[in-house]
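Okay, thanks for making time, everyone. I'll bring the structure up on the screen, and then we'll walk through a few spots in it.

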Amino acid sequence: MNYTDIEKTAVAEPCAASMILTFRAIGYNLETAVADVIDNSISANAKSVWFNSEWKGGNSVITILDDGCGMTEEELIQAMKPGAKNPMDERPEKDLGRFGLGLKTASFSQCQKLIMVSKKAGFTPSYWIWDLNYVNQTNRWELIRQPISDDYLHALDNLESGTLVIWTNLDRIIPIETSIDNESAKDKFLAQMDKVKQHLAMTFHRFIEEKSIKLFCWEYEIKSWNPFLLNERATQAFPEEYIGEAVMKGYVLPHKCHLTEETYKNAEGANGWGNQQGFYVYRGKRLMLAGDWLGLFRKEEHYKLVRIQIDLPNTLDSDWQIDIKKSTARPPIICKEQIRSYGQKVRLRGVEVFRHRGKILKTRKQDDFHPLWLEKKQGNKYLYLVNRDHLMIEEIKKMAETAPKKAIEYLLRFVEETIPTKSVFIRESEQGETAAPFEETNKDVLNAMIKQIFDAQKVSGKSTEQIKMLLLNMEPFNNYPELIEILDTYDR
Ligand SMILES: Nc1ncnc2c1ncn2[C@@H]1O[C@H](COP(=O)(O)OP(=O)(O)OP(=O)(O)O)[C@@H](O)[C@H]1O
Ligand SMILES: [Mg+2]
């Protein structure tokens with residue numbers, strides 16, 4: 001661009017004290033903040049990452065140590081600088097970064113003091129500190145060095161190279177005045193650590209499964225959480241489909257009845273089955289969005305078995321509008337229709353499995369299947385009819401000749417146990433209404449039923465008015481007052 005016509009310039013530097021505080025408001029939670037720091041470890045080729053916390057009341061500490069390539073002192077200062085890299089720069093395929101900000105924004109979202117110790121192979125370790133209070137007081141973009149615990153200084157001694165991130169003054173997690181003896185605050189803190197573990201198990205599951213990284217929390221190795229239940233025989237996988245450089249792969253997870261209780265519970269993840277449905281968007285194998293329909297569909301109970309993987313390379317960051325936290329993505333408008341139609345296919349299969357418990361297998365001939373309920377479309381409403389040809393219904397008819405009471409009881413039980421609630425629910429929420437009782441069927445039967453009750457009540461001595469009142473309060477006849485009104489005509 002040509003700037004030859006500039007007459008004057010004015011410096012408009014950001015004000016350090018207020019700007020650094022805005023970094024706190026990017027919207028991370030503890031889990032997403034820790035994951036953002038671990039992204040850097042993975043980009044630095046770490047083989048192991050240790051996520052630890054130490055309860056000390058308001059002085060509690062969270063640390064993230066990696067054995068990645070580490071940094072020289074100069075590189076460390078550069079790394080701690082906001083906007084350390086240009087978001088437009090091309091990055092290596094495995095680099096999980098984009099904005100040159102994550103380390104700072106993630107850290108400040110949780111703590112007031114970020115200490116970073118790093119060692120590059122062949123160099124001595126160095127460390128620097130960002131202290132929000134110091135920046136606030138001095139209004140200067142200045143890192144500081146103060147004495148730190150020997151434990152932190154020597155944390156890298158046994159590693160050839162690596163980096164240690166320390167968060168202290170965790171004011172966003174624990175009020176600073178909290179006493180170390182406050183057991184309930186301690187329990188809450190530990191519960192948050194558990195949530196972090198769960199989030200890391202999901203976010204980095206592909207790295208863990210490929211054995212390219214080991215994540216530890218205290219001495220425990222974190223096991224991966226794979227959303228797609230790939231080891232389950234009943235999981236249905238769809239063929240991959242490309243959207244430019246991105247790839248989609250859909251899965252319909254097995255119906256609950258094909259999973260052990262433990263697997264079912266575990267597969268619901270942090271947010272429950274209903275919420276975990278949707279697209280799982282990965283960027284360089286790192287999970288960014290876990291169960292989101294990208295604004296293309298709504299989350300509904302009957303699609304809860306549907307999970308679709310989308311893999312993005314980091315070259316699509318700007319097309320997919322990746323955010324600093326790496327927690328949102330928006331598909332480019334031109335891809336939306338393709339994604340929607342792929343999603344639709346997988347969702348249709350998902351709903352079938354949900355409704356029929358996965359029992360209608362592709363290999364089974366349609367004629368072999370004996371449904372009890374038949375779905376029929378009448379106008380724009382749906383009716384559910386009992387299949388009169390069902391073998392059990394035929395048996396009940398025969399039974400009625402010799403043991404009518406038992407036959408009726410069998411019939412009622414059979415209907416009660418099998419009412420197609422799921423199908424009705426799906427029709428109601430998707431296509432609008434299902435038909436009300438007798439709404440779409442021949443009224444002769446309904447009339448005959450009303451007449452039957454009328455005659456029987458008359459014999460027992462009730463007046464026509466009394467019987468009308470009785471029927472007006474009786475389901476399903478109360479929906480047809482016009483048929484009850486004309487009962488007087490039977491008297492004449
Ligand atoms: N654990 C680490 N090991 C080695 N280098 C690191 C580590 N953490 C950060 N760095 C260096 O610091 C830079 C800045 O990190 P930061 O997380 O702020 O931004 P980024 O990763 O480049 O991009 P993003 O804002 O998308 O996270 C990184 O690009 C990397 O060069
Ligand atoms: Mg980063």
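So, Thr163: buried or exposed? This is a predicted model, by the way, so keep that in mind throughout. Thr163 comes out at 7% relative accessibility, and it counts as buried because the cut-off for that word is under 20%. You'll find Thr163 on strand β5, which covers residues 162-168.

What does Thr163 touch, once we skip residues up to four places away in sequence? The list is Ile64, Leu65, Asp66, Gly70, Met71, Met116, Val117, Ser118 and Leu156. Ser118 deserves a second look, since its side chain and that of Thr163 make a polar contact of 2.8 Å. And then there's the ligand side of the story: a polar side-chain atom of Thr163 sits 3.4 Å from a nitrogen atom of ligand 1.

Now, how much of ligand 1 does the protein bury? On its own, ligand 1 exposes 600 Å², and 91% of that is buried by the protein.

Let me stay with ligand 1 for a minute. Two other polar pairs to put on screen: an oxygen atom of the ligand lies 2.9 Å from a backbone N or O atom of Gly100. There's also an oxygen atom of ligand 1 at 2.7 Å from an N or O atom in the Lys326 side chain.

How many residues surround the ligand? There are 20 around ligand 1, and the closest are Arg98, Leu101, Gly102, Lys104 and Lys326. If you sort that shell by class, you get 8 nonpolar, 5 polar and 7 charged residues. In terms of elements, α2 (30-43) and α4 (102-110) each put at least two residues into the shell around ligand 1. The top contributor is α4, with 3 residues.

Okay, next stop, Ser60. Ser60 is in the loop between β1 (48-54) and β2 (61-66). Loop or not, Ser60 is buried, with a relative accessible area of 0%. So what's packed around it? Leaving out residues up to four places away in sequence, Ser60 touches Glu54, Trp55, Trp167, Thr168, Asn169, Leu170, Ile174 and Phe189. Take Thr168 from that list: Ser60 and Thr168 are 108 residues apart in sequence, yet their C-alpha atoms are 6.5 Å apart in space.

The Ser60 side chain also has backbone partners. A polar atom of that side chain lies 2.8 Å from the backbone nitrogen of Lys56. On the acceptor-type end of the backbone, the oxygen of Gly57 is 2.6 Å from a polar atom of the Ser60 side chain.Asn169 came up in the Ser60 contact list, and its backbone has something to show as well. Most residues other than glycine have a negative phi, and most peptide bonds are trans. Asn169, though, has a positive phi of about 50° and is not a glycine. Asn169 is in the loop between β5 and α7 (183-203), and at a relative accessible area of 24% it is partly exposed.

Which other residue has a positive phi of about 50° although it is not a glycine? That's Trp218. Trp218 is in the loop between β6 (214-217) and β7 (220-221), and with 30% relative accessibility it counts as partly exposed.

While we're on backbone geometry, where is there a cis peptide bond? One joins Glu475 and Pro476, with omega at about -5°. Pro476 is in the loop between α16 (464-472) and α17 (481-485).

One more residue, over by α2. Asn29 is in the loop between α1 (16-22) and α2, and it is partly exposed, with a relative accessible area of 37%. The Asn29 side chain reaches the backbone nitrogen of Glu31 at 3.1 Å. If you want a distance to try on screen, Asn29 and Met80 are 51 residues apart in sequence and 21 Å apart in space, C-alpha to C-alpha.

Last thing, zooming out. How is the protein divided into domains? The domain assignment gives domain 1 (16-221), domain 2 (236-356), domain 3 (370-431) and domain 4 (443-491). Between domain 1 and domain 4, the centres are 76 Å apart, taken over C-alpha atoms. Thr163, where we began, falls on β5 at 162-168, and domain 1 runs over 16-221.

That's my tour, and I'm happy to take questions.

Note on methods
Residues are numbered from 1 along each chain as its sequence is written. Chains are lettered from A and ligands numbered from 1 in the order in which they are written. This is a predicted model: local features need pLDDT of at least 70, side-chain atom pairs count only at pLDDT 80 or more; totals for chains, interfaces and linings use all residues. Side-chain values use heavy atoms; hydrogens and water are left out. Domain bounds come from an automatic or database domain assignment. A residue is near a molecule or strand if one of its heavy atoms lies within 4 Å of it. A polar contact is a pair of N or O atoms within 3.5 Å; within protein, one must be able to donate a hydrogen and the other to accept it, and residues adjacent in sequence count only if both atoms are side-chain atoms. Accessible areas come from the Shrake-Rupley method with a 1.4 Å probe; for residues, only the protein chains shown count as cover. Helices (H or I, at least four residues) and strands (E, at least two) are DSSP runs, numbered from the N terminus. Ala, Val, Leu, Ile, Met, Phe, Trp, Tyr, Cys and Pro count as nonpolar, Asp, Glu, Lys and Arg as charged, and the others, Gly among them, as polar. Buried means under 20% relative accessible area, exposed over 50%, partly exposed in between (1.4 Å probe, protein chains only). Contact means heavy atoms within 4.5 Å.
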